[in-house]
Every structure is written in structure tokens, then in C-alpha cells.
2 protein chains.
Amino acid sequence: MAEGAKEKYVEELVDQSDDFSRWYNQVVRKAELADYAPVRGCMIIRPYGYAIWEHIQRLLDARFKETGVMNAYFPLLIPRSFLEREAKHVEGFAPEVAWVTRGGGEELEEPLAIRPTSETIIGYSFARWIQSYRDLPLLINLWNNVMRWEKRTVLFLRTAEFLWQEGHTAHRTLEEAEERTRLMLEVYRSFVQEDLAIPVLHGRKSENEKFAGALRTYSLEAMMRDGKALQSATSHNLGHNFAQSFDIQYLDADGQRKYCATTSWGLSTRIIGAIIMVHGDESGLILPPHVAPYQAVVVPIWRKDADQGAIMEAIGRIERMLKGKVRLKVDLSDNTPGWKFNEWELRGVPVRIEIGPRDVQNNSVVLVRRDNRAKEAVAIDALETRLPELLAEVQQALFQRALAFREEHTYYAETYDEFKEIMSEKRGFVRVKWAEDSEAELAIKEETKATLRVIPFDQPEGGVQGRCFYTGKPATCEAVFARSY
Amino acid sequence: MAEGAKEKYVEELVDQSDDFSRWYNQVVRKAELADYAPVRGCMIIRPYGYAIWEHIQRLLDARFKETGVMNAYFPLLIPRSFLEREAKHVEGFAPEVAWVTRGGGEELEEPLAIRPTSETIIGYSFARWIQSYRDLPLLINLWNNVMRWEKRTVLFLRTAEFLWQEGHTAHRTLEEAEERTRLMLEVYRSFVQEDLAIPVLHGRKSENEKFAGALRTYSLEAMMRDGKALQSATSHNLGHNFAQSFDIQYLDADGQRKYCATTSWGLSTRIIGAIIMVHGDESGLILPPHVAPYQAVVVPIWRKDADQGAIMEAIGRIERMLKGKVRLKVDLSDNTPGWKFNEWELRGVPVRIEIGPRDVQNNSVVLVRRDNRAKEAVAIDALETRLPELLAEVQQALFQRALAFREEHTYYAETYDEFKEIMSEKRGFVRVKWAEDSEAELAIKEETKATLRVIPFDQPEGGVQGRCFYTGKPATCEAVFARSY
């Protein structure tokens, strides 16, 4: 749209290494992914950004359903008394809640919270729905909007309102709940790695960083191109905490009434921020083909006065050939080819299809990859097989590049001095030997701004030897620290 | 789930003709479509009900996209000052608004409305996005939740929060806006008739019944089995009203700045209420195959102690054969076949597949239609072609049955006495000659509770002759009155 176009000309995209956060904001705005709303901290997700979310929803939803999860809808508003039933939960969320106090012209007797998350109202319903062990497991997912009144906001990464999915399950035993918690983390991990081409560390959160009310929280952590970590999805084993607060019981086969064990797990529009910050470069966005609104863009190369008939005919043939196979955009606007190249590079379309008079004569086109700008001439008749293949290559290459970047920017620190040196001079993840200690963790955060991102599942075989880099106590695990979004 | 199962046994489904609204509420609860939430007037849409909504979204969204519409997301909260900018709009919606007055532990300077609809915040954004005629038309749709603080609520039909889609478009001219308004009504009409098997009248709303802030409102009206009308979708030509309030202007090709003409159009979870009330019968729900979560249910008929191997093997074969072609449920629970028949009839599954030991010997199954209980034996190998065919026949039959019902219950009144007699003794639609008159309309509503549902597009050829049934003035059109939801 014109405003965006104008802005593109007046302001060059800043270099990632000069000012990463300015680069990020420029890309979000120039690529027309999102805008700030006239309500503080809220976001308008524009069609191009929302189309990415639609692909995320489609792909992730199918993975959920394969594990037996069904979608439902729960109300936006939650009575204050519900939030207060689980002590840790209310402590964690109350400061960020937006309250409805008037409705239909009257003051409400009890203020209603706009859901910051739905564990409490889910707990209320599960308690009514579940009677016996035959009703278990109960596996529900919600695609909805939630609200957390954040002070500092960044588009996609931290906004007062955001879109997400929140899954909620109830089980007979703690073991089953643990299994489901891990299963959903694995669903996220394969989705994020395979569909978004983002390599992740997966593992357990520390006590300090776990979800308010959880027994145990697992997460995925991805490295952005400024070396910071972004928590990409979380899966919580809630144990019996919510079941006890909301009286979620079932009659077991042995005739005893028992508490269910519950879980919850979520992924939000924040992940779009990760896509931008993991794959983007000096020319703008690079979208993984699986979630790109347009997987390829056709740019005709012609002179204004030249005969366009032959090219248009070839384009028509290409469109028919690729229909239902590749998500194609044909750019027939009045802009110059050079303008179009920049525009679609900025918007991250994975492959450009150039077609000029000579190409038509040769019955071929030129394919240009967005990620490495490699070019190849391809016969039009071969597009049907070559283009999907090339898109798969791009998807794979994006993952490999991001993985290599993460490996290059992952350090091992033996001592706290080494740790501080890395944190002040380099950017990235620091892996250390660790004797789990919440106070030490807070002290490290205070001094270095680095937090314990994750205790990876991937631990040395035979257990960790040696001492904690910070306390000198016998280490119990390896942990990964980083600054984070 | 057990609670539902228990309830089914203790309370028989009431007869439609004895107490239609009780029948409706029982079906919604027993079929586990929805529940009341612990927040006044809000609804929990349970997995079986939500699955219907997912099919509605999928089918309708594809129809929108075929007309060039793209999805986006706009914020939940709207500043009070926005709502107040369009005078008629605020007058219509202010009494039903829920207000957020506190967030993040502080009183807000300006109360924020939970969106009752998004025309105002869309107007704000369109004004920023649209610069020139090249940006037009702008065609956006939102799938979201909205809130209207209703006093009396009924699940799906009238709840404080509901799910819907709201489309918003901006155009160069009033003519283009009118064309889009009509196009989207036609998209709804074909969707509702073809996918939901619900016959509808389509036409224009009277001045009294149009949307708050619209130039002109079109709607679809369907007849429920109690003879009442349900407005199933609306499409509004907003003219220049919102463009002027929000300064949505564009630079035209002639160098002049002009106001856009805008439209909006919506369909909500209310339509699930229409599906229930148009197709349901004394045994419960009947779902049109296009949106049924399960299009067919397999019920094995075996004795507890008998050999189940052969039947299980045949079921496995059927599942593999129909995978990706028919949405199939296989009921292997411990319940008796008779219990399962009742259960899946109540839940409206269009076709039941019975398979017993003799069927397996004959390499066949018995198909039973939910709508008319017709049975047929079909060779297992023929299921792949016969079942989809049968589902198409059921879809068609449901539409024809509903159309016949509407025609049987549509009356023509020449005089107001006739009109009142029909309204008091019969149930259905009354078609009359009408000289558009808002005061007469209100008087009729006052006395008979009937409202002017629609001025159908389908009018007598060559124009209406004769006089208005109420005022005696020369008639300008035919109109349809009914009591409504």
C-alpha cells in the first residue's frame, strides 16, 4: 500500500549489526506484517503477517490432532475469584491483568479478568466434565486471544494482546501427565524445526523460570541473529496443583476418587518474531517456504512499450501448472523489475521467477533463491517438479544456516570470569556446569542480564562431572544461559 | 463424557412441538455442543460444537478468499472516543458494551470497549493505509470474538461473547461498495444453502432493522422448525458514513481527494443455532454432511463373548479405504449397540454403518441414514463410492425438506386482520404488500411481535400492484414478516 511504499523509499533498511532492534522494527513495518494499534501496546496484524499465522495454525493444528487433541472455545472473561484459587498462579499473573468492571451500563459485582491464560476456567470445566477414569485423558486445545498488560512492548514479541494456542489436558496419573507434557514439547520441536526451519534447544526450565502454578516447565529456546535467546514454546506439567484448587477428581477403576494430573502448553504469535530474527538479513525478511504466504513470485521483465503477449501467455501457463502445488504471486504492477526485486526480497518470498522475452523464446525461466541469491535457468515444463524441489532445498538450507550460526555462537564457560567475559564481549549462548541454585541464578541475572534459558535434555552421557561454574558445588547438570527476549 | 451420559438417561428429550426452546437447550447440552460458562451470558463451545465451527470457518474462508479477501487481526480493545465518532453507531452499540477500566494495576485514563464490532478501529487503520486509488479496493476479513452485554441469553443464539467473522472493505465509488455488499450476501447465501443445507430468503432490511451506521443492510433469513425467523448473515453498505467519521480518503486518478465507500459483513456462531433448529428432530441433531464433525459412524454389532476378530478386521479395512474421503468415527466403546444408535442419532451423525457377523460373512455392511432412517446393504468394496454419494444425497434431502417446510409455513396476507389471524393461530412467515413505513412497522411489532424480516430480492415481475396490507397506501414492494430469534 502506498504509505508503505513511500516509507520504503524515504528510509533505507538499517544494517542488522548496526542496530538489530531498529532493523527488526523496520522489517515488521516495511514488510507490512504488523502495525501498532491506537490502543497502548496492542497490535494490528496485517494480511501479510496474518497469512504467516494462518499457515502456522494449519500446520501445528494438524500435528495436535494427530495426537488426539480436539479444539474448543472458552470464554474471554474470567471471574476474579477463579484467578485467586491457585496461589502461585494469581501471584504470577495478577499484576498484568486487564479488568472489565462495567457492562451493559452497570457496574459489575465482581470484576472480570480478560484471560491472561485459561487454566482456571478450564479447571472449573474439567471438574464438571470429568467423572470417571473412562473420561480420561481429556485433551483440549484453544486458539484464541489473551491479554497481559505489558509495560514495554515490541510488535509480535511482547504486546498487551496476542494470539496463541493454549492446550489443556487431564490425566489419571502424574506419569501420564509428564508423558503428555513431553509429547507436546516434542510436537512443538518438530514443528518449529521442520516447518519454521528454526533449530531449538529443548529441555527443562529452572524453578525461577517455570510457569506460575506449574510443577515443571519445559521449553524450546532458539537463538536470534543478535545472539539472544527467544523462548519459542512452553509445555507445563501442572501436577495436581490446579486439580486440587479446582477439585478435578475422577472415580478410578479401583473405586477410589483421585485427583487428575493436568498439563498446559502454548505457542503464540511471538514465534513470528523468531522467524524474522532467525532468518532475516540485510535485505529484509526471509520466510521458510512451509509458512511463506507466497512461496514464489513471478516478475515479468519487459519494456513498457514491448509486446507483452508472449510473456503473459507463458505466465498463464506457469500459473495453471503450479496451481494447488506452489503458492504463487504474479506481480503485474506498474513498478520496475528492480523495484519488484527489492519489494519481494524485503517481504522474504523464498524464490523469484524471472521471465523475459529471451526466456520465453527458450521456453524457460530463471529461478533466484532469496536466501543465497543462487540463480538457475529452468525449462518451463520442468517447473512443476523443480520448483517444489528447490523450495525444499531452501527450507533445508535455512535450517542448516541457522544451526551453524547457533553453533558458532555457543560457548562453554568453566568459570564465572570466563562467563562474564563472553557475556560482555560476545553474543550468544553460554553452556556451563550447574548445581541448580535459584539464588545463584538471580545473582547472575542481576550482574550479567543473562538468564538460565534451559537445562537441555541433551546432557553428557554418564552424567555431569565437575563443579558448578558459579557456586563451585558439585554440578548436577549442564545449563544454557543467555540474554533473552 | 460421563456427566452427559448420565443426563441422557435421567431426562428424555422433550418433543419439539411440546416445548421447542426446551428441546433446543436439551439438544445443545446432551449433544455436548456447548455449555454455559461461569461468567454470566458467556458460552463454552465444547469440542463437538467447535468442530462444526471449524468446518464452517474452513468452507466460508475459502469462499471469501476466492473473491480476493485476505484475513487480518485487529485489537480486542477500542478506545471510547472511537466508538463515539459515528453518531448512529455509538447509539446502537453503547448500551451493550463491556468496559475495561483497569490494566496493569492502574486505572486507565480512557475506558476501553471490548469490541462489539470493529468498524471504528478498522476506519482508523484504513485511513492510514489508503492513500491513492491504487490501494483500492481494500478487502479484509477478521475471524475473532466480540462482546455484546445481552440481558437474556441462549446458547449460540444470543450470548454476551460470540465468535464470528467480520469483513471490512473500502472502495472508490458507492457503486463498487454496493456491488461488494451484494457479492458478499451472495457468498453467504450459496454457503448457507449449499454447505449448511438451509434455504434462505435474501434481500434488504427495513430502515428500522438496518445496522447502526449503515446506509443499507442486506440479510439472509431462514425459517426454524417453530416457524420463527433467524437472521443468518448480514452485509452492510456503509456508504460514506464511516469514511467521513474516520477520514478515509484517497487520491483519485483525476487528482481529487475523495471519500471511500465502505462495507462490512458478518456471520457468527449463531448459525450453529440455525443448523440445530432447521434440521433437528425428535431424536436430536441432524447435521448436514458438509459440516458434520463425523460424517459416518461405524457401530459394530457383536455379542460380548463372541469372536470380534473378523469384524475388527473389516472395520480396519473400511477405515483405510475411507481415510481422507469421509470423516469417520468408529465407536468401540463398551456401550450396547442400541445405546450407540441413540447416542449418534442424538449427535446428528448423517450416516450410521452397522456391521455384524453376518455382514462380515457377506462382505457387506448396512448403511442407515439419520434423516429418514432408510437402510441399505452395501458391499464393503463399494463403500468408497457409495458412501460419498449417499452423503451428497443426505445433504440434498436436508435442503429439500427444509425448503418444503418453509413453503408449507409461508402465508400471504391481504389485510391486517388476516395477518393477525395467521400470527396468532399459525407459525411461519407472512408475505404482504408493503408501502415502506417505519412507524407502521413498529406498530405491527408492538401488537403482534412480528418484525419485518426482509424485503426479498425476489419481487413480482413488473413491480408490485395494489395496496399496503396495513396502511392501505400504494404498495412499493412485498415484504416478509415473522417472529424471530
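# Exercises on a predicted two-chain model

B:Met223 stands opposite B:Ala229 in strand 11 of chain B. That pairing returns in Exercise 2. The model is predicted: local features need pLDDT of at least 70, side-chain atom pairs count only at pLDDT 80 or more, and totals for chains, interfaces and linings use all residues. Residues are numbered from 1 along each chain as its sequence is written, chains are lettered from A and ligands numbered from 1 in the order in which they are written, and side-chain values use heavy atoms, with hydrogens and water left out.

## Exercise 1. Lay out the sheet of chain B

Task: give the strand order and find the edges.

Solution.
1. Fix the terms. Strands are DSSP runs of E with at least two residues, helices are runs of H or I with at least four, and both are numbered from the N terminus. Two strands pair if DSSP finds at least two bridges between them.
2. Read the order. The open sheet has 11 strands in the order 3-7-8-14-11-10-9-22-23-21-20, with mixed pairing.
3. Find the edges. Strand 3 (70-71) and strand 20 (410-412) of chain B each have a single partner strand, so one side of each is left without a neighbour in the sheet.
4. Check one pair. Strand 7 (residues 138-147) and strand 8 (residues 161-171) of chain B run antiparallel, joined by 10 bridges. Within this pair, B:Asn144 has B:Trp164 as its bridge partner.

## Exercise 2. Follow strand 10 of chain B

Task: describe the cover and the partners of strand 10 of chain B.

Solution.
1. Start with cover. Of the 8 residues in strand 10 (residues 216-223) of chain B, 7 are buried. Buried means under 20% relative accessible area, exposed over 50%, and partly exposed in between (1.4 Å probe, protein chains only).
2. Take one partner. Strand 9 (residues 201-204) of chain B pairs with strand 10 in the antiparallel sense over 4 bridges. Here B:Arg204 stands opposite B:Tyr218.
3. Take another. Strand 11 (residues 229-239) of chain B also pairs antiparallel with strand 10, over 8 bridges.
4. Look at the turn. Strands 10 and 11 of chain B form a hairpin with 5 residues between them. B:Gly227 in that turn has a positive phi of about 85 degrees.

## Exercise 3. Place A:Thr169

Task: is A:Thr169 buried or exposed, and which side chains does it meet in polar contacts?

Solution.
1. Locate it. A:Thr169 lies in strand 8 (residues 161-171) of chain A.
2. Judge the cover. A:Thr169 has 0% relative accessibility, so it counts as buried.
3. List the polar contacts. A polar contact is a pair of N or O atoms within 3.5 Å; within protein, one must be able to donate a hydrogen and the other to accept it, and residues adjacent in sequence count only if both atoms are side-chain atoms. The side chain of A:Thr169 joins that of A:His171 at 2.6 Å. It also meets the side chain of A:Thr263 at 2.6 Å.

## Exercise 4. Join the chains

Task: how many residues does each chain give to the contact, and what does B:Val97 touch?

Solution.
1. Count. Chain B gives 62 residues and chain A gives 62 residues. Contact means heavy atoms within 4.5 Å.
2. Zoom in. B:Val97 sits in the loop between helix 5 (87-93) and strand 5 (98-103) of chain B.
3. Name neighbours. Leaving out residues up to four places away in sequence, B:Val97 touches residues including A:Arg102, A:Gly103 and A:Gly104.
4. Judge the cover. B:Val97 counts as buried, because its relative accessibility is 0%.
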